[in-house]
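Here is a friendly walk through one protein model. Keep the 3D view open as you read.

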Amino acid sequence: MLLRIQKDESLRSYVERNLFVPNTVFDNDAAESFSRCNWNSTQVKLIADLLGWHGCYGFNKLLHQHTDYPWEVVLKSRFNYSYSDDAYLSKQRNFDSLSTVRAYCPVCAKEDKQSLGYSYWRRIHPDVQVCAKHNVVLLKTCQFCNRPFARGGHVVSVMWGGCAGRHLGEAQPVVNRNLGALRLAQFFDQVCRTDDHIYIDTAAAIIEGKLVNCVANPTALGELEDVSGFGHYIKRSRINDPCVPWKYYALTKKIIELALSLYESFDDFKHDCHQLEPNAPSIRSFWDTYCCFSSNTQIFVREIYELGVAEWLWPAFEHLSRDPTYRNSFPMVWNPESDLCCIPSDMHPSRNHYDAPCPGVRRLTRDELVVMTEMPTQG
Ligand SMILES: [Zn+2]
Ligand SMILES: [Zn+2]
């Protein structure tokens with residue numbers, strides 16, 4: 001019997017906590033996989049499956065609730081219909097490494113110990129240095145022995161085993177005096193709690209409006225670049241390009257940085273964006289879909305668990321079909337039978353020209369669907 005994953009618990013924390021408690025066991029393959037220093041999508045899928053969260057939906061639910069991934073994807077291009085692009089297929093991305101230093105809030109650890117009987121490691125963005133709830137500095141080295149919470153220092157299970165008989169929640173909290181650090185921590189916290197995406201062009205328009213107001217009052221501009229410097233970002237966000245949405249990534253980072261400079265909180269920024277665009281898609285609406293990059297365009301695969309099939313979507317089809325150069329360059333792509341299909345995964349042709357794997361979609365029972373889609377009560 002596996003333990004229950006806690007709110008905001010990091011993936012490594014959940015696995016190591018299971019390993020620490022007697023009588024909770026993983027099978028040999030899972031144990032071997034979890035013993036690795038670096039985790040990619042393989043381990044994320046494994047944990048999702050253990051929780052009863054299947055397929056792409058389960059993978060993305062785990063990313064959204066237990067990693068810092070929301071920070072990267074809360075802003076979304078209108079032409080992107082997946083939550084995490086091709087992360088579900090790719091093994092390139094690192095989702096946890098034992099080499100990375102872990103950090104924790106001693107007040108959270110103490111409170112968790114009192115309310116749950118144990119504490120745990122939370123997902124924390126690497127740039128966040130303070131606790132958003134308690135405004136105390138996160139600890140990266142042990143206050144009792146000075147060892148770092150990383151390889152060569154304390155192992156992950158020090159959170160449960162303690163250091164020389166002392167629980168990590170007994171460490172003395174240090175109050176944070178850096179308002180910018182607190183704001184960043186709270187931004188991250190609010191991004192993780194948001195229910196909706198923000199379209200990147202909406203966000204850019206809101207930032208532009210704020211910057212114009214700053215120009216009227218130059219002292220408010222502070223260290224920001226001037227409006228003309230931001231102009232090219234605005235322009236790029238408005239490009240109607242359904243083919244290559246991934247070029248918006250640098251833009252996302254820039255807009256979040258600017259929002260941090262211009263807004264007291266992410267919720268205030270989100271409020272302004274939602275005033276301008278009330279119909280932004282919910283965070284969960286793309287959890288069941290991943291994308292395959294191919295030939296400078298994107299194909300999306302949506303998994304339909306009630307039926308056990310995958311649906312292929314090619315939003316740029318119409319746009320590209322009007323381009324004779326493209327059609328001549330990729331004649332084999334224009335085969336409607338292979339592009340527009342929706343057949344059970346076990347009957348799918350073994351290979352297709354996008355180098356995407358056959359979408360194997362498990363047909364889920366009603367009970368399995370309920371387990372997979374239930375959301376934790378926010379506390
Ligand atoms: Zn805290
Ligand atoms: Zn120690």
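The report below takes up the metal sites, the cysteines, one helix, the nonpolar core and two unusual backbone angles.

**Two zinc sites**

Please bear in mind that this is a predicted model. The table sets out the two zinc sites.

| Site | Donor residues (atoms) | Donor distances | Angles among donors | Spacing in sequence |
|---|---|---|---|---|
| Zinc ion (ligand 1) | Cys-105 (SG), Cys-108 (SG), Cys-131 (SG), His-134 (ND1) | 2.1 to 2.3 Å | 104 to 113° | C-x2-C-x22-C-x2-H |
| Zinc ion (ligand 2) | Cys-142 (SG), Cys-145 (SG), His-154 (NE2), Cys-163 (SG) | 2.1 to 2.3 Å | 97 to 114° | C-x2-C-x8-H-x8-C |

Let us begin with the zinc ion (ligand 1). Its site is tetrahedral, with angles of 104 to 113° among the four donor atoms. Two of its donors, Cys-108 and His-134, link distant parts of the chain, being 26 residues apart. Cys-108 sits in helix H6 (residues 106–116), while His-134 lies in the loop between H6 and helix H7 (158–161). Cys-108 is buried, at a relative accessible area of 8%.

Why does the zinc ion (ligand 2) count as tetrahedral? The arrangement is called tetrahedral because its four donor atoms subtend angles of 97 to 114°, and the cut-off asks that all angles lie between 85 and 135 degrees. For comparison, the ideal angle for four tetrahedral donors is 109.5 degrees.

How exposed are the residues around this second ion? Cys-142 is buried, with 3% relative accessibility, and His-154 is buried as well, at 9%. Cys-145 is partly exposed, with a relative accessible area of 31%.

**Cysteines without disulfides**

The structure has zero disulfides. A disulfide would be a covalent bond between the sulfur atoms of two cysteines. Take Cys-56 as an example: the closest cysteine sulfur to its own belongs to Cys-291 and is 9.9 Å away, so the two are too far apart for a bond. Cys-56 is also buried, with a relative accessible area of 0%.

**Helix H8**

Helix H8 covers residues 179–193, which is 15 residues. From first C-alpha to last it reaches 21 Å, close to the 21 Å expected at 1.5 Å a residue. At its start, a side-chain oxygen of Asn-178 comes to within 2.9 Å of the backbone nitrogen of Gly-180. Among the buried residues of H8 are Ala-181, Leu-184, Phe-187, Phe-188 and Val-191. An α-helix has 3.6 residues a turn, so residues three or four places apart point the same way.

**The nonpolar core**

Which residues have the most contacts inside the largest nonpolar core? They are Ile-47, Leu-62, Tyr-83 and Tyr-305, in a core of 41 residues. Elements that give two or more residues to this core include helix H1 (11–20), helix H3 (41–50), strand S6 (297–304) and helix H16 (366–373). Helix H4 gives the most, with five residues.

**Two positive phi angles**

Two residues other than glycine have a positive phi. Asp-85 has a phi near 50°, and it is placed in the loop between strand S2 (75–76) and strand S3 (96–97). Ala-164 has a positive phi of about 50°, and its place is the loop between H7 and H8.

Is each of these residues buried or exposed? Asp-85 is buried, at 9% relative accessibility, whereas Ala-164 is exposed, at 78%.

Key:
Residues numbered from 1 in each chain as written. Chains lettered and ligands numbered in written order. Predicted model: local features only at pLDDT ≥ 70, side-chain atom pairs only at ≥ 80, totals over all residues. Heavy atoms only, no water. Donors = N, O, S within 2.8 Å, 3.2 Å for Na, K, Ca; no water. Tetrahedral: all angles 85-135°; square planar, octahedral: opposite > 155°, others 65-115°. Buried < 20%, exposed > 50% of the residue type's maximum accessible area, 1.4 Å probe, protein only. Disulfide = S-S within 2.5 Å. Helix = DSSP H or I, 4+ residues; strand = E, 2+ residues; numbered from the N terminus. Expected span 1.5 Å × (residues − 1). Polar contact = N/O pair within 3.5 Å; in protein donor to acceptor, adjacent residues only side chain to side chain. Core = buried A, V, L, I, M, F, W, Y, C linked by side-chain atoms within 4.5 Å.
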